[in-house]
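User: I am learning how labels such as "buried" or "salt bridge" are given to parts of a protein. Could we go through a structure together and test each label?

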Amino acid sequence: MKKYLYEEHSQPRPLVHVDGCSCGTCGKARPIDPRMQMMMPDNPDIGDGMEDPNLDLAYDPLFSSVLGTGVSRRDMLKMAGLSALGGMAGMGGMLSSSAFAADKKKFSKPFDPVVKIGYIPITDAAALLVAHEMGFFKKQGIESEPPTLIRGWSPLVEAFSSQRFNLTHMLIPVPIWTRYNNKFPVKITAWNHTNGSGIIVHKSSGISSPKDFGGKQFAVPYWYSIHNIISQKILREAGITPVVRPQNAKLAPNECNFLVLNPPDMPPALAARQIDGYCVAEPFNALGELKAGGQMLRFTGDVWKGHPCCVVIMHEDDAMDPARAAWAQGVHNAIVEAQIYLSNNKKAMAQMLSKDGKNYLPFPSEVVERAMLFYSPADYATPPAIKHPEWGQSRINFQGWPYPSATKYVTEELKKTLVGGDLGFLNNLTADFVAKDLVNYTYVKKALNANPTWKADPSVPQKGDPFVRTEVIEL
């Protein structure tokens with residue numbers, strides 16, 4: 001069973017400041033993207049989660065049992081002993097280059113052979129959760145603590161950086177940001193899954209295609225996310241300009257306002273019509289469809305075939321120290337075994353992960369099963385959320401190989417994507433360098449070679465070298 005702290009919401013809860021805010025008063029300041037300063041020079045911080053009186057999230061009882069469980073940033077500060085860092089300037093201060101250097105060769109992080117997992121309650125985390133619950137770590141002779149549920153990405157990043165966890169899943173752009181902007185020694189060591197996300201809009205929003213997003217409010221879970229990258233790419237192609245402004249600011253007919261919300265906040269905000277749509281990982285899309293008046297506009301895996309979303313990350317010392325190699329290999333053997341097991345037992349694992357099972361994901365089995373299994377063109381004909389059935393993708397797939405081609409594509413797309421922070425660190429960063437420097441391929445490749453059935457996953461090329469592919473993106 002997982003561990004968690006209860007955070008019940010009985011009153012409306014406004015958006016809060018998040019890392020990167022430049023208000024100068026909340027202790028999280030750092031330079032913002034100059035494009036945002038140009039668009040909203042008087043108050044550029046709404047897009048970073050600054051409190052907006054027009055977005056009070058009323059927690060309807062309909063959602064309380066599903067969305068009221070988790071660990072807040074305040075809880076993590078207590079749990080991880082981070083209170084002494086409270087006066088530092090946001091994540092940029094917490095992960096300062098003076099504290100960590102990404103290129104240092106001396107392995108100084110204390111080695112803890114017990115696997116400690118932190119996770120967001122999304123299906124992206126399934127492989128790590130299954131590896132623990134089904135005893136795959138134990139099979140490798142590795143002890144693992146019950147995983148800890150975290151409500152949002154910022155507290156998960158903070159907890160990992162403080163060494164509260166030594167294994168977690170993270171949105172693939174996040175380790176690019178943490179390693180090269182904040183000089184924090186992180187390594188991607190595998191993918192958790194592929195696909196598993198979508199764009200949801202409210203049925204009464206008037207949105208039936210991307211060109212209808214003009215004048216609308218749209219949420220993503222984190223600036224550094226596949227969701228932000230893909231959503232903005234789709235809108236730009238449709239002639240819509242992504243902007244970041246206060247929710248009560250006037251928008252041009254061709255502008256869509258982007259904001260960051262934690263995944264559990266999205267369905268209530270959609271149901272209350274405080275936002276018109278969102279892009280996020282499952283099962284919050286399935287929950288939006290079933291409980292928040294939402295409908296799927298497009299599956300992201302139907303835009304980018306077999307795309308990465310969350311990756312497995314480790315501290316660099318754990319991933320690169322030769323003395324820890326046997327342990328790291330065992331960890332990845334367990335993850336790959338869990339991915340293959342998930343692929344072959346999606347319905348049973350959806351039940352196990354749900355609150356009707358082991359309660360790793362605080363959702364009814366109906367929601368988790370939909371998130372992992374409900375996917376066909378007939379089900380999503382209007383609007384056409386699946387335009388490429390010939391790709392043979394599933395709503396979510398599970399395979400661990402971190403294709404360098406995908407890492408390169410993410411790096412290049414980040415440079416074109418509006419975020420709530422300064423992207424200057426990308427200016428001299430090449431995609432080839434990131435693909436070689438950020439990722440350790442050794443452990444997962446050895447684990448995959450020992451388990452050849454991974455090649456059957458639809459995100460893997462079925463001809464030629466399964467470890468090499470050309471990224472397919474069709475909007």
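User: What makes Glu-413 count as buried?

Analyst: This is a predicted model, and every value below is computed from it. Buried means under 20% relative accessible area, and Glu-413 has 2%, so Glu-413 is called buried.

User: Why is the contact between Lys-233 and Glu-413 called a salt bridge?

Analyst: The label asks for a side-chain nitrogen of Lys or Arg within 4 Å of a carboxyl oxygen of Asp or Glu. The closest N and O atoms of Lys-233 and Glu-413 are 3.5 Å apart, and because that value is within 4 Å, the pair is called a salt bridge. Lys-233 lies in helix 9 and Glu-413 in helix 16 (residues 404–414), so the salt bridge ties together parts that are 180 residues apart in sequence.

User: What makes Glu-289 and Arg-395 a salt bridge, and are they buried or exposed?

Analyst: Their N to O distance is 2.9 Å, which is within the 4 Å limit, and therefore the pair counts as a salt bridge. Glu-289 has a relative accessible area of 11% and Arg-395 one of 2%; both values are under 20%, so both residues are buried. Glu-289 belongs to helix 11 (residues 284–291), while Arg-395 is in the loop between helix 15 (365–373) and strand 15 (396–397), so this pair joins parts that are 106 residues apart in sequence.

User: Which residues are joined into one network by salt bridges that share partners?

Analyst: The network consists of Lys-109, Asp-318, Asp-321 and Arg-324. One of its links is the salt bridge between Asp-318 and Lys-109, whose closest N and O atoms are 3.0 Å apart. The two residues of this link are distant in the chain, with Asp-318 in helix 12 (residues 316–320) and Lys-109 in the loop between helix 4 (90–94) and strand 3 (117–119), 209 residues apart. Both Asp-318 and Lys-109 are buried. Across the structure, the salt bridges come to 23.

User: How do you know that Cys-279 has no disulfide partner?

Analyst: A disulfide needs two cysteine sulfur atoms within 2.5 Å. The cysteine sulfur closest to that of Cys-279 is in Cys-309, at 8.2 Å, and that is too far for a bond. By the same kind of test the structure as a whole has zero disulfides. Cys-279 is also buried, because its relative accessibility is 0%, and Cys-256, likewise at 0%, counts as buried too.

User: What shows that the length of helix 13 agrees with its number of residues?

Analyst: Helix 13 (residues 325–344) has 20 residues, which at 1.5 Å a residue should span 28 Å. The C-alpha atoms at its ends are 29 Å apart, so the two values agree. Helix 13 is mostly covered, with 14 of its 20 residues buried.

User: Why is Lys-183 called partly exposed, while Asn-359 is called buried?

Analyst: Partly exposed lies between the limits of 20% and 50%, and Lys-183, with a relative accessible area of 38%, falls there because 38% is in between. Asn-359 has 17% relative accessibility, which is under 20%, so Asn-359 counts as buried. Each has a positive phi although it is not a glycine, about 60° for Lys-183 and about 65° for Asn-359. Lys-183 is in the loop between helix 8 and strand 6 (186–191), whereas Asn-359 is in the loop between helix 14 and helix 15.

User: What kinds of residue line the second largest cavity, and which element supplies the largest share?

Analyst: The lining has eight nonpolar residues, no polar ones and one charged. Lys counts as charged and Lys-233 is among the lining residues, so Lys-233 is the charged one. The largest share, four residues, comes from helix 9 (residues 226–237), and the volume of this cavity is about 40 Å³.

How values were computed. Residues numbered from 1 in each chain as written. Predicted model: local features only at pLDDT ≥ 70, side-chain atom pairs only at ≥ 80, totals over all residues. Heavy atoms only, no water. 1 Å grid on protein atoms, 1.4 Å probe; cavity = no way out; pocket = protein on both sides within 12 Å on 5 of 7 lines; lining within 4 Å. Points joined across faces, edges and corners; volume = space filled by probe spheres on them. Buried < 20%, exposed > 50% of the residue type's maximum accessible area, 1.4 Å probe, protein only. Expected span 1.5 Å × (residues − 1).
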